[in-house]
Structure formats: structure tokens, C-alpha cells
Amino acid sequence: MCCLLSRTNCIALARFTAGKSTSEDRALLAQLKAREGGRLTRLGEALLELCRQAYAKKH
């Protein structure tokens, strides 16, 4: 696991929260401990917020 705040992880989180995640997205998020079952963990919620902030700064 290289880094938690990566483009791939951010895309997986965005798709998961939009209800459009793939099985690969769900597996990645489970591996990162960012999701448990059908919802985000506290870590997942924090990562999603960091992703949103990072994306907002770029655009």
C-alpha cells in the first residue's frame, strides 16, 4: 500500500459513495479499511474529505 491519498483511491471512494462502485473499488476500499460492509468507516469518511479538498485545490 503506497499511499492512502491517491487518485485511484479517491476515484474508488467517489464511485462507492455514488453507488456506482465496481467489485475492484469495493475490494480496494476494504483492503484500505475504508469501508465495512456497505458503508464507509471513519477512515473512509476522512479519506473522502481529503480527496474532496485535494480535488478542490486543483480546480
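**Note on the H1/H3 packing and the largest pocket**

1. In this predicted model, helices H1 and H3 are roughly perpendicular to each other, because their axes cross at roughly 110 degrees and angles of 65 to 115 degrees are counted in that class. The two helices span residues 7-17 in the case of H1 and residues 42-58 in the case of H3, and their axes come within 10 Å.

2. As to handedness, the crossing in which H1 passes H3 is left-handed. By class, the residues in the contact of H1 with H3 comprise six nonpolar and two polar ones, with no charged residue.

3. The residues that make this contact can be named on each side: H1 contributes Cys10, Leu13, Ala14 and Thr17, and these meet Gly44, Leu47, Leu48 and Cys51 of H3.

4. Turning to the empty space, the largest pocket has a volume of about 310 Å³, and its lining is made up of 14 residues, with Ser6, Arg7, Cys10, Cys51 and Tyr55 lying nearest the centre of the pocket. H1 and H3 are the elements that give two or more residues to this lining, and H3 gives the most, with six residues.

5. In composition, the lining of the largest pocket divides into eight nonpolar, three polar and three charged residues, whereas the contact of H1 with H3 has no charged residues. Cys10 and Cys51 deserve a look in both settings, since each is listed in the contact between H1 and H3 and each is also among the residues nearest the centre of the largest pocket.

Notes
Residues are numbered from 1 along each chain as its sequence is written. This is a predicted model: local features need pLDDT of at least 70, side-chain atom pairs count only at pLDDT 80 or more; totals for chains, interfaces and linings use all residues. Side-chain values use heavy atoms; hydrogens and water are left out. Axes are lines fitted to C-alpha atoms, for helices over the stretch in contact, and angles run from 0 to 180 degrees between N-to-C directions. Helices (H or I, at least four residues) and strands (E, at least two) are DSSP runs, numbered from the N terminus. Angles under 35 degrees count as roughly parallel, over 145 as roughly antiparallel, 65 to 115 as roughly perpendicular and the rest as oblique. A crossing is left-handed if the near helix is turned anticlockwise from the far one by less than a right angle, and right-handed if clockwise. Contact means heavy atoms within 4.5 Å. Ala, Val, Leu, Ile, Met, Phe, Trp, Tyr, Cys and Pro count as nonpolar, Asp, Glu, Lys and Arg as charged, and the others, Gly among them, as polar. On a 1 Å grid over the protein atoms alone, a cavity is a set of points where a 1.4 Å probe fits but cannot get out, and a pocket is an open set with protein on both sides within 12 Å along at least five of seven lines; lining residues have an atom within 4 Å of a point. Grid points are joined across faces, edges and corners, and a volume is the space filled by probe spheres set on the points.
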